[in-house]
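Subject: Structure handover

Hello,

Here is the structure I promised to pass on. Please open it alongside this message and follow the notes as you go.

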Amino acid sequence: MLHCPNHPDAHLIEDHRAGDVICPECGLVVGDRLVDVGTEWRSFSDERSGNDPSRVGAPESALLSSGDLSTHIAVGYGASEADQSLASAQRRTMNGTDRQMIQAIGMIRDMADRIHLTKTTQDIAAKMYKDVLDTKILKGKNGEAQAAACLYIACRKEGYARTFKEICAVSQVSKKEIGRCFKLIVRAMETNLEQITSVDFMSRFCGNLDLNHEVQACASHIAKRAVALDLVAGRSPISIAAAAIYMASQASKDKRSPKEIGDIAGAAEVTVRQAYKLLLLKAAELFPPDFHFDTPINALPVS
């Protein structure tokens, strides 16, 4: 901690323009040449260009080998040959890993924004992509597939359950490619992921279907009991969640069709119906005891 030798209790003042720390009592410069690694805002008056004169420098980043303290030259329409030459030289001299990392961060942010993921989840995905690049475990694999797999793993770690179909929908690569990268990353990085259950999807699916809390709680109870009674062995958590929501909604006044539920869950209508038939065999044992039935169990649809 910096302090003035003559006035140790004085609250020091930082002169950001000069990079000095000054004692307000005696004016002594206690520290100098301090570097602010945060975002830099500075204005340049260039009325002839017609561009926004504001310039912002990126903050220091641990994901890039240069710390992202290098200068990036933006070349717009009508730029001089000198500017184009400088930008071209910059692209040639930039570290190849940094180029890949910058592209990956852009892809991760774009995909995450489209499915409303938090900044923390994006940062975890970017850090994982950096580790994958450093270890070269996916060398030669599609860069976007790697970024999508890292984002999927970050979702699992943060408890934001997203399906492969949802990640695939916001990327331009196939589900198979993302799945391959996911398996290689988990195996090579020895990443421990919590097992996904049908309950992880209930809140989002029921919210998108505009179902009330009672139906959501009932569907969660049905799904848990179905797994405990081993009624849905071999079925995916998404299929189980969709079937449980269908059963709970049909027993309530807010009924939803298998097609409506399948569209939200990303499951085929026939898949929802097949899983529902398995639940219907033990329907009396699946509902919570305090559930208010609008349609009794014996009047539930048989398919």
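Below is what I found, grouped by region.

Keep in mind from the start that this is a predicted model.

**Helix α4**

Start with α4, residues 143-158. It has 16 residues. From first C-alpha to last, α4 reaches 23 Å. That is close to the 22 Å expected at 1.5 Å a residue.

Is α4 mostly covered or mostly open? Mostly covered: 13 of its 16 residues are buried.

C150 is one of the residues in helix α4. Its relative accessible area is 0%, so C150 is buried. Look across to A125, 25 residues away in sequence. The C-alpha atoms of C150 and A125 are 5.0 Å apart.

Both ends of α4 have something to see. At the start, a side-chain oxygen of N142 comes to within 2.8 Å of the backbone nitrogen of E144. Just after the helix, G159 has a positive phi of about 85°.

**Aromatic rings**

How many aromatic pairs does a search of the whole structure find? Eight. One of them joins Y152 and F182. Their ring centres are 5.2 Å apart, with 80° between the planes. That makes the pair edge-to-face.

This pair links distant parts of the chain. Y152 sits in helix α4, and F182 belongs to helix α6, residues 175-189. The two are 30 residues apart. Both Y152 and F182 are buried.

Another pair is F287 with F293. The ring centres here lie 4.9 Å apart and the planes meet at 55°, so this pair is tilted. The two rings differ in cover. F287 has 8% relative accessibility, so it counts as buried. F293 has 37%, so it counts as partly exposed.

There is also a cluster to find. Ring pairs link Y152, F164 and F182.

**The second largest pocket**

Next, the second largest pocket. It holds about 300 Å³ of space. Its lining is made of 18 residues. Which of them lie nearest its centre? They are T163, F201, S236, P237 and I238.

Three elements give two or more residues to this lining: α4, α5 (164-169) and α9 (237-251). Of these, α9 gives the most, with three residues.

What is the lining like by class? Eight residues are nonpolar, six are polar and four are charged.

**Loops and unusual phi values**

Two residues other than glycine deserve a look for their backbone angles. The one to visit now is K136, whose phi is positive, near 60°. K136 lies in the loop between α3 (119-135) and α4. With 56% relative accessibility, K136 counts as exposed because the cut-off is over 50%.

Then go to D230. Its phi is also positive, near 60°, and D230 is not a glycine. D230 is found in the loop between α8 (213-228) and α9. At 55% relative accessibility, D230 counts as exposed.

What about the loop between α9 and α10 (258-265)? S252 lies there. S252 has a relative accessible area of 7%, so it is buried. Its side chain reaches the backbone nitrogen of D254 at 3.2 Å.

**Towards the end of the chain**

Last stop: L300. Find it in the segment after α12 (283-286). Its relative accessible area is 6%, so L300 is buried. A248 is 52 residues away from L300 along the chain. The C-alpha atoms of the two are separated by 9.9 Å.

**If you have only a minute**

Go to Y152 in helix α4. From there, pick out the cluster with F164 and F182. Then turn to the second largest pocket, where α4 is among the elements that give two or more residues to the lining. Finish with the exposed loop residues K136 and D230.

Best wishes

Methods. Residues are numbered from 1 along each chain as its sequence is written. This is a predicted model: local features need pLDDT of at least 70, side-chain atom pairs count only at pLDDT 80 or more; totals for chains, interfaces and linings use all residues. Side-chain values use heavy atoms; hydrogens and water are left out. On a 1 Å grid over the protein atoms alone, a cavity is a set of points where a 1.4 Å probe fits but cannot get out, and a pocket is an open set with protein on both sides within 12 Å along at least five of seven lines; lining residues have an atom within 4 Å of a point. Grid points are joined across faces, edges and corners, and a volume is the space filled by probe spheres set on the points. Helices (H or I, at least four residues) and strands (E, at least two) are DSSP runs, numbered from the N terminus. Ala, Val, Leu, Ile, Met, Phe, Trp, Tyr, Cys and Pro count as nonpolar, Asp, Glu, Lys and Arg as charged, and the others, Gly among them, as polar. Rings of Phe, Tyr and Trp (its six-membered ring) pair if their centres lie within 6.5 Å; planes under 30 degrees apart count as stacked, over 60 as edge-to-face and the rest as tilted. Buried means under 20% relative accessible area, exposed over 50%, partly exposed in between (1.4 Å probe, protein chains only). The expected span of a helix is 1.5 Å times one less than its number of residues. A polar contact is a pair of N or O atoms within 3.5 Å; within protein, one must be able to donate a hydrogen and the other to accept it, and residues adjacent in sequence count only if both atoms are side-chain atoms.
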